[in-house]
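Me: I am new to this structure and would like a close look at its sheet, with the helices and loops around it. Could you go through that part slowly and explain each term when it comes up?

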Amino acid sequence: MIITLARIDDRLIHGQVTTVWSKESHADRMIIVDEDVYHDEIRKTLLKQACPPGMKVNIVDAKKAVAVYNNPKYKDVKVFYLFTNPTEALKVIQRGIAIKILNIGGMQYREDRSQITKAISVNAQDIESFRQLNDLGVKLDIQTVKTDPHINLMEKLPAEG
């Protein structure tokens, strides 16, 4: 499997993803890895309908994502991975999916989160997952829209302690 783009965007497939990021990825297939979405038939149906033209979409949990990644049948398939949060990305990377750069596009503000940029808010679990991803050597690149400058997410996280 050839990973052309891996992105965290909790809105998953929306205008920016459909019109810009999917084209930028040059991928054949979009794989959404999220335990909650995987078990939500209505949301899965809506996401499949929103998939960019000419691109296939699969919605899987981490276990299935790893199984497909390791299946030789898909070795030449170009893939755009999409996650809702860093914990889902961490699960697949810890299980062997070779994501070297993780684009962080959007994580909406909620009551349990602190805003670290205009488009990214994190909770304690997100911070811990980002730190583990960084420790694994994954480049954590904030870029909400393609024309934004690249920003190292680790510079935006609160200090440990």
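Reply: What follows goes from the sheet to a central strand, then to the helices and some single residues.

The model is a predicted one, in which local features need pLDDT of at least 70 and side-chain atom pairs count only at pLDDT 80 or more, while totals for chains, interfaces and linings use all residues. Residues are numbered from 1 along each chain as its sequence is written, and side-chain values use heavy atoms, with hydrogens and water left out.

The sheet is open and has seven strands, in the order β3-β2-β4-β1-β5-β8-β9, with mixed pairing. Strands and helices here are DSSP runs numbered from the N terminus, a strand being E over at least two residues and a helix being H or I over at least four, and two strands pair if DSSP finds at least two bridges between them. At the edges stand β3 (56-60) and β9 (151-152), each of which has a single partner strand, so one side of each is left without a neighbour in the sheet.

Between β3 and β4 in that order comes β2, which pairs with β3 in the parallel sense over five bridges and with β4, again in the parallel sense, over five bridges. On the β3 side, Val33 stands opposite Val60, whereas on the β4 side Arg29 stands opposite Val79. Why is β2 largely enclosed by the rest of the structure? Five of its five residues are buried, so the strand is largely enclosed; buried means under 20% relative accessible area, exposed means over 50%, and partly exposed lies in between, with a 1.4 Å probe and protein chains only. In a regular strand the side chains alternate between the two faces of the sheet. In β2 both faces are covered, with Arg29, Ile31 and Val33 buried on one side and Met30 and Ile32 buried on the other.

The edge strand β3 contains Val57, which is buried at a relative accessible area of 13%. Setting aside residues up to four places away in sequence, Val57 touches Ile13, Met30, Ile32, Lys48 and Cys51, where contact means heavy atoms within 4.5 Å. Elsewhere in the sheet, β5 and β8 (residues 139-142) pair in the parallel sense over four bridges, and Ile101 has Lys139 in β8 as its bridge partner.

Two helices lie across parts of this sheet. Helix α4 (residues 62-69) lies across β1, β2, β3 and β4 and runs at about 130° to β3, while α1 lies across β1, β2, β4 and β5 and runs at about 150° to β1. Such angles run from 0 to 180 degrees between N-to-C directions, and the axes are lines fitted to C-alpha atoms, for helices over the stretch in contact.

In α1 (residues 15-25) the buried residues are Val17, Trp21, Ser22 and Ser25. Seen down the helix axis they fall within an arc of 100°, so they line one face of α1; the arc is that of the directions from the helix axis to the C-beta atoms. An α-helix has 3.6 residues a turn, so residues three or four places apart point the same way. The cover over the buried residues of α1 includes β1 (2-9), β2 (29-33), β4 (78-83) and β5 (101-106).

Two loop residues beside α1 deserve a separate look. Most residues other than glycine have a negative phi. Leu12, in the loop between β1 and α1, has a positive phi near 55° and is buried, with a relative accessible area of 0%. His26, in the loop between α1 and β2, likewise has a positive phi near 55°, but His26 is exposed, with a relative accessible area of 59%.

A loop residue further along the chain also has contacts at β5. Ala119 lies in the loop between β6 (114-115) and β7 (121-122) and is partly exposed, with a relative accessible area of 24%. Leaving aside neighbours within four places in sequence, Ala119 is in contact with Gly105, Gly106, Met107, Gln108 and Thr144. The C-alpha atoms of Ala119 and Asp9 are separated by 9.7 Å, although these residues are 110 residues apart along the chain.
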